[in-house]
Amino acid sequence: AFIIKSLIDLKTLEDSLNILINRHESLRTSFELKENNLYFTVQPLNQVKSKVDIFDIEEQSILSRIKESSELRFDLSKAPILHSQLFNIKEGGHVLFLMFHHIVWDATSFDIIKNELNTIYNSLISNKIPKLNNITQNFRDYIELENIFLNSAEYADSEHFWKSHLEGSLPFLELVEGLSRPSQMKFTGDLFQFQIEKKLKNELELYAKDRGVSLFNLFLSVFKISLAALSGIDDIIVGTPINGRPTTEYDDTTGFFVNTIPIRSKIDLEKDFSTLLNNVRDNLYDCLQHKMVPFEKILRLSEYQRDSSRTPIYQTLFSFVDNTNTVKDFLGNLTEYVPINRQSTHTDIDLWLNKHENIINGNIQYYDQIYSSDDIKRLVDLFQKLLMNIVSEKPKELKYVLPKSKTFHLSSSGE
């Protein structure tokens, strides 16, 4: 949901959305279930239209109304699978709410649509022809590519990798001893927010650059160390969503390309941080070489024992997104979002880090049936303390006493 402080031309907004629908096949796709098989149909050009619903509300009601809108159901048999609403706020300004079903949508698609909607709307307002990149590959081309992959020698090699990677008994991650877990995973959740300020962000960027690793690797490593310290186990599996677009030809293609892969690492808290960082980096690199295998197939290749009380293979999710190069304005306004607590979660603990120019925003969605905000604060405090310790210049043999009598060592160089 976007906060828009300037005037909005409704007809131009709807025309812009309909240009996008004609441009992107995924937005003209409908689905039908026949004999337990899901079939999709791409509707012809100019046959699918989007109408923006208009509501006049007071500013104090916006969060509750958006929450209501976010819970609306989709009819997958009718394209576009999109809810578009414009809230006119009586005190001034607007909120534009766009929600697509995940079956045709992922985070990269959001950026594509946001940027293209901005370009189209501003061009039409100025009586200009929008200039957009040509789309050379559509999502159904990707489906064909994936089907070829699943019958290839490369897939057989990836099968072998995932079997080896997830060999043996898989750990259950729990950060609090003696958790009482409902027999059926409910996926209800709450939100815990925190920030990594500019000074620490800049220091972490320099630290990662000096050691030839990405910020993604650095944060994932520290997150895994925090999980190991609080859980008391050294076998840590974290799921991470990856952009499954196979080539740059799909950079402007919308659709659900996301695949979640389980990154398994041995976290020995007696080792120095540099060793753990390199181990996690190598684990991640190996997994990314086999990212085309869909998670449902990875699940079948593992020795996971079905347990309806928790998510399979991994019980925590990690995502890091760099937003520093995204378009800063939207429909003539500085991009500003309405913060929404979805009150749901994918796993027991989902950590989302979003890097901006001067700050990194952290959001943890957690399973509120087993964890409290105090439990998550304990995790975040440890995570941030370790980040600060990594870049600090403290005396040699610096030791950090972790829960469960674990001691974590950093060298004088911060490693």
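Visitor: What is T119 in contact with, leaving aside its neighbours within four places in sequence?
Guide: Outside that window, T119 is in contact with K131 and L132, contact being heavy atoms within 4.5 Å. The model is predicted: local features need pLDDT of at least 70 and side-chain atom pairs count only at pLDDT 80 or more, while totals for chains, interfaces and linings use all residues. Numbering runs from 1 along each chain as its sequence is written, and side-chain values use heavy atoms, with hydrogens and water left out.

Visitor: Why does T119 count as partly exposed?
Guide: The relative accessibility of T119 is 29%. Buried means under 20% relative accessible area and exposed over 50%, with partly exposed in between (1.4 Å probe, protein chains only). Therefore T119 counts as partly exposed. The residue lies in helix α3 (residues 107-125); helices are DSSP runs of H or I with at least four residues, strands are runs of E with at least two, and both are numbered from the N terminus.

Visitor: Which strands form the open sheet, and in what order?
Guide: The order is β1-β6-β5-β4, an open sheet of four strands with mixed pairing. Two strands pair if DSSP finds at least two bridges between them. β1 (2-4) and β4 are the edge strands, since each pairs on one side only. On average, neighbouring strands here are turned by 25° against each other, direction ignored.

Visitor: What makes the pairing of this sheet mixed?
Guide: β5 pairs with strand β6 (residues 94-100) in the antiparallel sense, over seven bridges, and F87 has V95 as its bridge partner in β6. Helix α2 packs on the sheet and touches β4, β5 and β6, with its direction at about 20° to that of β6 (axes are lines fitted to C-alpha atoms, for helices over the stretch in contact, and angles run from 0 to 180 degrees between N-to-C directions). By contrast, strand β4 (residues 53-57) and strand β5 (residues 82-89) run parallel, joined by five bridges. The bridge partner of I57 in β5 is I89.
Guide: From β4 the chain crosses through helix α2 (residues 62-70) to β5 in a right-handed β-α-β crossover. Right-handed means that, with the strands pointing away from the viewer, the path from the first strand over the helix to the second runs clockwise.

Visitor: How many aromatic pairs does a search of the whole structure find?
Guide: The search finds 18. One of them is Y207 with F273, at 6.3 Å centre to centre and 50° between the planes. Rings of Phe, Tyr and Trp (its six-membered ring) pair if their centres lie within 6.5 Å; planes under 30 degrees apart count as stacked, over 60 as edge-to-face and the rest as tilted. Y207 and F273 are therefore a tilted pair. Y207 is in helix α6 (residues 198-210) and F273 in helix α8 (residues 273-288), 66 residues apart. Both Y207 and F273 are buried.

Visitor: Why is the pair of F216 and F318 edge-to-face?
Guide: The ring centres of F216 and F318 are 5.2 Å apart and the planes stand at 80°, so the pair is edge-to-face. F216 belongs to helix α7 (residues 215-231) and F318 to strand β10 (residues 316-322), 102 residues apart. F216 counts as buried because its relative accessibility is 18%; for F318 the value is 0%, so F318 counts as buried too. Both F216 and F318 belong to an aromatic cluster that also includes F194, F219, F223, F320 and F383.

Visitor: Why is β10 called largely enclosed by the rest of the structure?
Guide: Five of the seven residues of β10 are buried, so the strand is largely enclosed. β10 pairs with β13 in the parallel sense over seven bridges, and F320 stands opposite L353 in β13.

Visitor: What lies over the face of Y207?
Guide: R211 does, at 3.6 Å from the ring centre. The cut-offs are NZ of Lys or CZ of Arg within 6 Å of the ring centre and within 35 degrees of the ring normal. R65 lies over the face of F55, at 4.8 Å from the ring centre.

Visitor: Why does E336 count as partly exposed?
Guide: E336 has 36% relative accessibility, so it counts as partly exposed. E336 is found in the loop between β12 (333-334) and β13 (349-355). Apart from its neighbours within four places in sequence, E336 is in contact with A1, F2, I3 and K5.
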